[in-house]
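Reader: I have a model open in front of me and would enjoy a close look at a single part of it. Could you pick out one strand and walk me through its surroundings, then show me how the rest of the chain is arranged?

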Amino acid sequence: MTTVPMTSPDRAGTSLSRALFLVHTHRAALRSDLTEGLGLTRTATGLVLRELETLSLVRTVTAPRADPWVPTTGRPSHAIEIHPDAPTVLAVQVQARSVLVTLARLGGKLGPVDEVPLPETATPEAVLGLIADLLCTRFATPGRPPFGVGLALPSAVGSDGTALAAHHLAWPHAVPVHRLLSGLLDRSGFGEVRLHVGNDANLAALAESRHGAGQGAAQLLYVMTGQVGVGGGLVIDGRLHLGSAGYALEIGHTPVRQGKRPCRCGNRGCLEVEADPMALLDAAGLSTTYPTPDAVRAIVGRRHVDARARAAVDLVTRQLAGGLASLINILNPDRIVLGGMHAELLAAEEERLRSVISRHSFLDQDAHIELRAAALDASALAGAAELALQPLLDDPRLLV
Ligand SMILES: [Zn+2]
C-alpha cells in the first residue's frame, strides 16, 4: 500500500492527472515547465510532484547546468523523468498477416517488438487464441502483472470492444473481441487484466498526437495508409474523438470526386480504395495482390522519367487531396499528419497536394493548414499502449 501525502491540495486528483499527462507527453521535462503547465504555485506543484513520486510514477533529478563555470542566480532546475518502477503495459497489434506484441511504459517508450505470423486460417478464435498464448508464454510476469493490455485491430471498433468490420482479416460482422479475449486470458492463467481494444488507425493518431508529429496540435487529423486501405483519427486536446458508439472517423469511407472503384464497404469511390497503395499500383499498370512500401516508393521515385508512374502519382495525389479537402471542411483541424504512402506523397508532391486541397476546401483557400509526415515507426502499437495507460493517466491514484 502506498501512502499518499495528506497535505495534497488536489483531493480530486485533477492536477495529479494533468501533471502525469504533461510528463508523459514530454511537455514537463523540468519542474519549472510543470509549474507553468499546471498554472499552480511552486509550492502547489511541489505537492503534486511529491505525490507522483510517492506513487513511483515520476522522479526528479537535479539537471546538470549547461556550463558549471557560469554562475547562475536562483534555484537549480530539477528535471522530471518517468520512474523506472512505473507500471508497464502490454501493447498488441493485429496486422493483415502478423501480430506484434511489446511491453510499453509511460513516456511513449516501447520495448523490443515480437512479430508472429497469423495462423493460416485467421478466424477470430484462431487470432485471439494466438494472442492469449503469446501474452501467457512470452509476457507473463508473475508477481508484477502489467497494468493493462491494449489491442489495436484493423477494424472499426465499438466502445464495448466489438470489431465491427475487420475486412482485411475476412472476419464476420461484429466480433465481440473484448469479451472473447478477456475469457481466453482468464482461462489460460494470465489472470484478470484491464483490456482495451481500439481501431489501429485511431490509435496511431493518438500516439502521433502525444509522441510524434502531432505534438502541440489542438485538433489533429491523422490520415494514413496501411498496405491496403486508408484510415485515420481525430485527436482533440489529447483525446480521440470516438463518436457515440466508438466508430467515428472511418476516414477511409469518405467519398472522393469521380471515384468509381468498388470498396469493401459496399460503396464505390471511397478514399480507402481511391488513395491507397493498391490504387497507385493499379494506376501504374502493376497488378499485385499485396503492395509493399518498396513498390510504392519505386513508382513515386520514377514519376519524373515514366509517364505511367507520373499519371498514377498525379491521380492518387488528387484523390487524396480531394478527400482531405472534404475532411478539412467538416472538421477544421489545425494540423494534418499523413502516414504510410500519404507521407511519401507529401514528401514528393507537397505543392500539388496543397494546391488541390486549397481548391476544394473553402476553409483552406490560403493553404494555412499545417501538413506534416508521421514521425513514429510503430504508431498503432504505441497507440495500443496509450489505450492501456489511459486509466492510469486519468487517475494516477489507481495505484494506491
Ligand atoms: Zn468504403
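Author: Happily; what follows starts with one strand and then moves outward to the rest of the chain. Please keep in mind that this is a predicted model.

Let us settle on strand β3, residues 88–94. How many of its residues are buried? Seven of its seven residues are, so the strand counts as mostly covered. In a regular strand the side chains alternate between the two faces of the sheet. For β3, one side carries Thr-88, Leu-90, Val-92 and Val-94, while Val-89, Ala-91 and Gln-93 are on the other. Both faces are covered, and the residues named on each side are all buried.

Now for the neighbours of β3. One of them is strand β4, residues 98–105, which runs antiparallel to β3 and is joined to it by seven bridges. The two strands form a hairpin, with three residues between them. If you would like a pair to click on, Val-94 has Val-99 of β4 as its bridge partner. Another neighbour is strand β7, residues 149–153, and here the pairing is parallel, over four bridges. Val-92 is a good place to look in this case: its bridge partner in β7 is Leu-151. Val-92 and Val-94, the two residues just used as guides, belong to one and the same side of β3.

From β7 we can follow the chain onward. The loop between β7 and α5 (177–187) holds Ala-170. The phi angle of Ala-170 is near 55 degrees, a positive value in a residue other than glycine. Is Ala-170 buried or exposed? Its relative accessible area is 67%, and because anything over 50% counts as exposed, Ala-170 is exposed. Leu-249 also has a positive phi, about 65 degrees, although it is not a glycine. That residue lies in the loop between β11 (239–240) and α7 (271–274). At a relative accessible area of 16%, Leu-249 is buried, since the limit for that label is under 20%.

With β11 we also reach an open sheet of five strands, ordered β11-β10-β9-β12-β13 and mixed in its pairing. Its edge strands, each pairing on one side only, are β11 and β13 (370–373). Within the sheet, strand β9 (residues 219–225) and strand β10 (residues 230–236) run antiparallel and are joined by seven bridges. There Tyr-222 stands opposite Gly-233 of β10.

Next come the helices, with helix α1 as our guide. Two packed helices are described by the angle between their axes and the distance between the axes. For α1 (residues 14–24) and helix α3 (residues 42–54), the axes come within 10 Å and cross at roughly 75 degrees. Why call them roughly perpendicular? The label covers angles from 65 to 115 degrees, and α1 and α3 are therefore roughly perpendicular to each other. On the α1 side the contact is made by Ser-15, Leu-16, Ala-19 and Leu-20, and on the α3 side by Val-48, Glu-51 and Leu-52. By class, that contact has five nonpolar residues, one polar and one charged.

Helix α1 also meets helix α12 (residues 379–394), where the axes come within 8 Å and cross at roughly 140 degrees. Here α1 contributes Ser-17, Leu-20, Phe-21 and His-24, and α12 contributes Glu-386, Leu-389, Leu-392, Leu-393 and Asp-394. These residues divide into five nonpolar, two polar and two charged. Leu-20 takes part in the contact with α3 and in the contact with α12.

For a contrast with the covered strand we began with, try Glu-351 in helix α11 (residues 341–360). Glu-351 counts as exposed, at 72% relative accessibility. Its C-alpha atom is 47 Å from that of Phe-139, a residue 212 positions away along the chain.

Finally, let us step back to the whole chain. Its secondary structure comes to 12 helices and 13 strands, and the C-alpha trace spans about 65 × 55 × 40 Å along its principal axes. A compact globule of 400 residues would have a radius of gyration near 21 Å, and the chain, with 23 Å, agrees with that. Buried residues make up 51% of the 400. Among contacts with a separation of 6 or more, 63% come from residues 24 or more positions apart.

Key:
Residues numbered from 1 in each chain as written. Predicted model: local features only at pLDDT ≥ 70, side-chain atom pairs only at ≥ 80, totals over all residues. Heavy atoms only, no water. Buried < 20%, exposed > 50% of the residue type's maximum accessible area, 1.4 Å probe, protein only. Axes fitted to C-alpha atoms, helices over the stretch in contact; angles between N-to-C directions. Parallel < 35°, antiparallel > 145°, perpendicular 65-115°, else oblique. Contact = heavy atoms within 4.5 Å. Nonpolar A, V, L, I, M, F, W, Y, C, P; charged D, E, K, R; others polar. Pairing = 2+ DSSP bridges. Rg over C-alpha atoms; globule rule 2.2 N^0.38 Å.
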